[in-house]
Amino acid sequence: PLRIAAASALGNLRGAAAPAAQKLLHLLADANEAPPARRTAAESLRQIGPVDSLDASPLVKALRSPDPEERRSAAAYLGGARLALKETLPELLHILEADDSDFRPTVADALRCFGAVAVPELLKLLEKDPNVAAWAERILWDICAKEKAALEAILRALPAASDLERERIVNVLWLLGPDAAAAALKGTPGK
């Protein structure tokens with residue numbers, strides 16, 4: 001209870017609590033902590049907002065754990081905190097590709113936090129296993145719907161894409177609507 005109250009109080013301080021963000025990240029990544037404390041740490045980190053120079057190694061370690069439940073909870077808390085820590089991106093992509101389908105929605109939520117930064121890596125997944133590619137499409141669609149930079153990144157990738165990648169990128173654009181599809185057709189010679 002004391003840890004939960006402290007984590008909650010830090011979140012209420014918003015950006016002023018940035019110096020404590022590393023401690024909150026350790027609390028969030030600790031599989032031995034009670035779920036309410038970890039959820040509160042995630043919420044507090046979300047309220048504090050982006051913090052430069054956070055050491056993501058505790059979360060990377062949790063995402064690499066052989067215990068699937070530890071990986072799942074680390075990804076869930078990472079997504080809940082809306083943390084886009086670049087060190088965790090490769091781990092999340094690996095989990096999306098390697099773990100079971102029950103885990104993919106949780107990882108997808110965490111990947112959406114990266115926005116346009118994740119687009120090049122998600123595009124690489126479009127030629128993977130159809131289930132993984134479908135998840136990559138969904139994540140790209142969500143990111144592109146919110147960020148113009150992400151949409152521009154997939155449009156830039158379209159001319160050099162393989163036929164399969166192009167088909168899946170067009171699926172994403174179709175879901176975004178006619179304006180995105182028109183922009184794609186303008187930018188793709190001979191199509």
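The largest nonpolar core of this predicted model holds 57 residues, and the members that touch the most others are Leu59, Leu92, Leu111, Leu122 and Ile154. Helix α9, which spans residues 130-146, contributes the largest share of this core, namely seven residues. Leu92 illustrates how such a member is surrounded: once its neighbours within four places in sequence are set aside, Leu92 is in contact with Leu63, Ala75, Leu78, Val107, Ala110, Leu111 and Phe114.

Some of these partners lead on to helix α7 (residues 104-112), in which Arg104, Thr106, Val107, Ala108, Ala110 and Leu111 are buried. The buried residues of α7 pack against α5 (68-81), α6 (89-98), α8 (119-124) and α9.

The wider setting for these contacts is a protein chain with twelve helices and zero strands, so that, in the sense of secondary structure assigned as DSSP runs, the pattern read along the sequence is α-α-α-α-α-α-α-α-α-α-α-α. Of the 191 residues in the chain, 47% are buried. Among contacts between residues at least 6 apart in sequence, 67% join residues at least 24 apart. The surface that the protein chain exposes amounts to about 9900 Å², of which carbon and sulfur atoms supply 55%.

Towards the start of the helix numbering, α2 (residues 21-29) and α3 (residues 35-48) pack at an angle of about 145°, with their axes 8 Å apart, and α2 passes α3 in a left-handed crossing. On the α2 side the contact is made by Ala21, Leu24, Leu25, Leu27, Leu28 and Ala29, which meet Ala37, Arg38, Ala41, Ala42, Ser44, Leu45 and Ile48 in α3. Sorted by class, this contact of α2 with α3 comprises eleven nonpolar residues, one polar residue and one charged residue.

Beyond α3, the loop that leads to α4 (57-63) contains Ala56. Although Ala56 lies in a loop, Ala56 counts as buried because its relative accessibility is 1%, where the cut-off for buried is under 20%. Leaving aside neighbours within four places in sequence, Ala56 is in contact with Leu25, Leu85, Glu87 and Thr88. One of these partners, Leu25, also belongs to the set of α2 residues that meet α3, while another, Thr88, is 32 residues away from Ala56 along the chain, with 7.1 Å separating their C-alpha atoms.

How values were computed
Residues are numbered from 1 along each chain as its sequence is written. This is a predicted model: local features need pLDDT of at least 70, side-chain atom pairs count only at pLDDT 80 or more; totals for chains, interfaces and linings use all residues. Side-chain values use heavy atoms; hydrogens and water are left out. A nonpolar core is a set of buried Ala, Val, Leu, Ile, Met, Phe, Trp, Tyr and Cys residues joined through side-chain atoms within 4.5 Å. Buried means under 20% relative accessible area, exposed over 50%, partly exposed in between (1.4 Å probe, protein chains only). Helices (H or I, at least four residues) and strands (E, at least two) are DSSP runs, numbered from the N terminus. Contact means heavy atoms within 4.5 Å. Accessible areas come from the Shrake-Rupley method with a 1.4 Å probe; for residues, only the protein chains shown count as cover. Axes are lines fitted to C-alpha atoms, for helices over the stretch in contact, and angles run from 0 to 180 degrees between N-to-C directions. A crossing is left-handed if the near helix is turned anticlockwise from the far one by less than a right angle, and right-handed if clockwise. Ala, Val, Leu, Ile, Met, Phe, Trp, Tyr, Cys and Pro count as nonpolar, Asp, Glu, Lys and Arg as charged, and the others, Gly among them, as polar.
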